[in-house]
Amino acid sequence: MEITNVTEYEAIAKEKLPKMVYDYYASGAEDQWTLKENRNAFSRILFRPRILIDVSKIDMTTTVLGFKISMPIMIAPTAMQKMAHPEGEYATARAASAAGTIMTLSSWATSSVEDVASTGPGIRFFQLYVYKDRNVVAQLVRRAERAGFKAIALTVDTPRLGRREADIKNRFTLPPFLTLKNFEGLNLGKMDKTDDSGLASYVAGQIDRSLSWKDVKWLQTITSLPILVKGVLTAEDARLAIQAGAAGIIVSNHGARQLDYVPATIMALEEVVKAAQGRVPVFLDGGVRRGTDVFKALALGASGIFIGRPVVFSLAAEGEAGVRKVLQMLRDEFELTMALSGCRSLKEITRNHIVADWDQPRVVPRL
């Protein structure tokens, strides 16, 4: 079957993967209301396309933290990619590099920062979980820096792991032939089999629940890399992130895997963008499956978006070629959306190009 859109990879992944692995990637927290909402909320935003504009040339390029990329579509950190495909994070890194975009490597990757750097050139960010042992954190950040990673995406929504019931039912644990490669030498690379989710037990044992804004400041004393705060959903926290020295904000609900009944990220985006007042770039992850979704996020003020599940599902289905195809399909769809909306560059995408169902009835500007 020819694949014509990003969503079609999920069914193929479900067929190919062991149930425990597919469920780990696919599921959300508790009732999974936010998981569904991350997708559904996009359908409550409609276009106001402008016509008769010369769209023979379209420029999708942008810069993120000073790095030039081919499009505002980047790869979010997703853990344990070798469960999806033997080449795991290597394949993802090569696909991102070929597409001219940024890959974010998870702390809990099944390939190390050095491994991923060895795949060749590319702009890469490193997602960081803060462990109770701060020496582990400092060591990891230094290794990422040495391996040429360009920014730290600090996950701030996980003092404890969300309740993911599929993982509890499946007694989720990392398959025996894999390790959390970044922690292998620190005896933190293995996950015990428990009568719960092995990952939840691992997080409870290792991740620091006391993490606070002062740690965002501390991180800046140990690295010169810019810090993106990942997991912001409110104006209040956007302001605090900027005060704490964040170089950017990622509006994220952790793929709806942490606190259920938080809003879809696309619903929370505008509040965060308004609070940031252009002082730092604001990005979004969660629920992006179409080029139209990318356009909607940019129209609401995002500087770019990150995709997570589409990467692991396409990786499971077709390895590196699958991830390349996902990036290419999203790119093509986004370019088409821009053309049909009358936008030739990202700066031409404005709030006036969309209408959201929460908007007040609009007063049509008179010419």
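1. A residue is called buried here when its relative accessible area is under 20%, and exposed when that area is over 50%. By this criterion 56% of the 367 residues of the chain count as buried. The structure is a predicted model, and every point below should be read with that in mind.

2. Overall make-up. The chain has 13 helices and twelve strands. Its radius of gyration is 20 Å, close to the 21 Å that the globule rule gives for 367 residues, so the chain is as compact as a globular protein of that length. Along the principal axes, the C-alpha atoms fill a box of roughly 65 × 50 × 40 Å.

3. Contacts and surface. Among contacts in the chain with a separation of 6 or more, 72% are between residues 24 or more positions apart. The chain exposes about 15700 Å², and 53% of this area is supplied by carbon and sulfur atoms. There are 47 positive and 40 negative side chains, and the centres of the two sets lie 3 Å apart.

4. Strand β11. This strand covers residues 304–307, and both of its faces are covered. G304 and F306 are buried on one side, and I305 and I307 are buried on the other. Two strands pair with β11. Strand β4 (residues 73–75) does so in the parallel sense over three bridges, with I75 as the bridge partner of I307. Strand β10 (residues 282–285) also runs parallel to β11 and is joined to it by three bridges; here L284 is the bridge partner of I305.

5. T62 and β11. T62 lies in strand β2, which spans residues 62–64. The relative accessibility of T62 is 16%, and a residue under 20% is classed as buried, so T62 counts as buried. T62 and G304 are 242 residues apart in sequence, yet their C-alpha atoms are 8.7 Å apart in space. With neighbours within four places in sequence left aside, T62 is in contact with F67, K68, I69, M71, P72 and L346.

6. Strand β8. Which residues of β8 are covered? Six of its six residues are buried. The strand takes in residues 227–232, K230 among them. Strand β7 (residues 151–155) runs parallel to β8 and is joined to it by four bridges; one bridge partnership is that of I152 with I227. Strand β9 (residues 248–251) also pairs with β8 in the parallel sense, again over four bridges.

7. K230. This lysine deserves a separate check. K230 has a relative accessible area of 6% and is buried. In β9, the residue opposite K230 is I250. Not counting residues up to four places away in sequence, K230 touches P77, L154, T155, V156, D157, I250, S252 and D285. Two of the strands already described reappear in that list: L154 and T155 fall within β7 (residues 151–155), and D285 falls within β10 (residues 282–285).

8. Helix α2. Is this helix enclosed or open? Seven of the eight residues of α2 (residues 19–26) are buried, so the helix is largely enclosed by the rest of the structure. The buried residues are M20, V21, Y22, D23, Y24, Y25 and A26. They pack against five helices, namely α1 (8–16), α3 (33–40), α7 (165–169), α8 (198–206) and α13 (309–341).

9. Backbone angles to inspect. Most residues other than glycine have a negative phi. Y261 is not a glycine, yet its phi is positive, at about 70°. Y261 is found in the loop between β9 and α11 (265–276). Q277 is another residue other than glycine with a positive phi, near 50°. Q277 is in the loop between α11 and β10. Its relative accessibility is 60%, and the cut-off for exposed is over 50%, so Q277 counts as exposed.

10. Points to look at in the model. For the strands, start from β11, with β4 and β10 paired to it, and then turn to β8, with β7 and β9 paired to it. For the helices, α2 is largely enclosed. For the backbone, Y261 and Q277 both have a positive phi.

Methods: Residues are numbered from 1 along each chain as its sequence is written. This is a predicted model: local features need pLDDT of at least 70, side-chain atom pairs count only at pLDDT 80 or more; totals for chains, interfaces and linings use all residues. Side-chain values use heavy atoms; hydrogens and water are left out. The radius of gyration is taken over C-alpha atoms; the globule rule is 2.2 Å times the number of residues to the power 0.38. Buried means under 20% relative accessible area, exposed over 50%, partly exposed in between (1.4 Å probe, protein chains only). Contact means heavy atoms within 4.5 Å. Accessible areas come from the Shrake-Rupley method with a 1.4 Å probe; for residues, only the protein chains shown count as cover. Lys and Arg count as positive and Asp and Glu as negative; His and the chain ends are not counted. The place of a charge is taken as NZ of Lys, CZ of Arg, CG of Asp or CD of Glu. Two strands pair if DSSP finds at least two bridges between them.
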